[in-house]
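Dear colleague,

I am passing on the structure below, followed by some notes on what was found in it. Please read the notes with the coordinates open beside them.

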Amino acid sequence: KPVGDDHLDGKPTILLALAHDRVSGRGRALLDRVTAGVLEPQDVPAVQDLLDTAGVRLEAERMIHAEVEAALAALDRPDAAGDLAEIAHRIGWRTQ
C-alpha cells in the first residue's frame, strides 16, 4: 500500500508510539493531527521527515532487526520444528 496511508487513516502504529515520546512543539501538533485522523495528503512528507529527524524510523528498523535475529536464533533450537508444526496446526485448524 502507498506510504503514508496509515498516517492518513490515523492508524496507531509503532512509529507514532515511538515519536510520541521524542517529539514536542510543532512536531507534536503534527502528530496530533495524525492520531486525530485529520491529516491531509500534502502533510504526509512532513510527517515522514519528522519521523526521520526524531530517529523513529531507525529505531523501528533496529527493533525489527532484533526480532528477526531472535526468531532465527529460536530456529536453531532442536525442538524448533516441532514447535513450528504445532503453531501451524493451531493457526490452520482454529475454531474461531
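Among the elements of the protein chain, confidence is lowest in helix 6 (residues 80-92), with a mean pLDDT of 86, and highest in helix 4, where the mean is 96. This is a predicted model, and for the protein chain the mean pLDDT is 90, with 95% of its residues reaching 70 or more.

Helix 4 (residues 44-53) packs with helix 3 (residues 25-36) at an angle of about 125°, and the axes of the two helices lie 10 Å apart. Because of that angle, helix 3 counts as oblique to helix 4, and helix 3 passes helix 4 in a left-handed crossing. On the side of helix 3 the contact is made by Gly 27, Leu 30, Leu 31 and Val 34, while helix 4 contributes Ala 46, Val 47 and Leu 50. Sorted by character, the residues of this contact of helix 3 with helix 4 comprise six nonpolar, one polar and no charged.

As for charged pairs, the structure holds eight salt bridges. One of them joins Arg 33 to Asp 43, with the closest N and O atoms 2.3 Å apart. That pair links distant parts of the chain, since Arg 33 sits in helix 3 and Asp 43 in the loop between helix 3 and helix 4, ten residues apart.

With best regards

Terms used: Residues numbered from 1 in each chain as written. Predicted model: local features only at pLDDT ≥ 70, side-chain atom pairs only at ≥ 80, totals over all residues. Heavy atoms only, no water. Axes fitted to C-alpha atoms, helices over the stretch in contact; angles between N-to-C directions. Helix = DSSP H or I, 4+ residues; strand = E, 2+ residues; numbered from the N terminus. Parallel < 35°, antiparallel > 145°, perpendicular 65-115°, else oblique. Left-handed = near helix turned anticlockwise from the far one by under 90°. Contact = heavy atoms within 4.5 Å. Nonpolar A, V, L, I, M, F, W, Y, C, P; charged D, E, K, R; others polar. pLDDT = per-residue confidence, 0-100. Salt bridge = Lys/Arg side-chain N within 4 Å of Asp/Glu carboxyl O.
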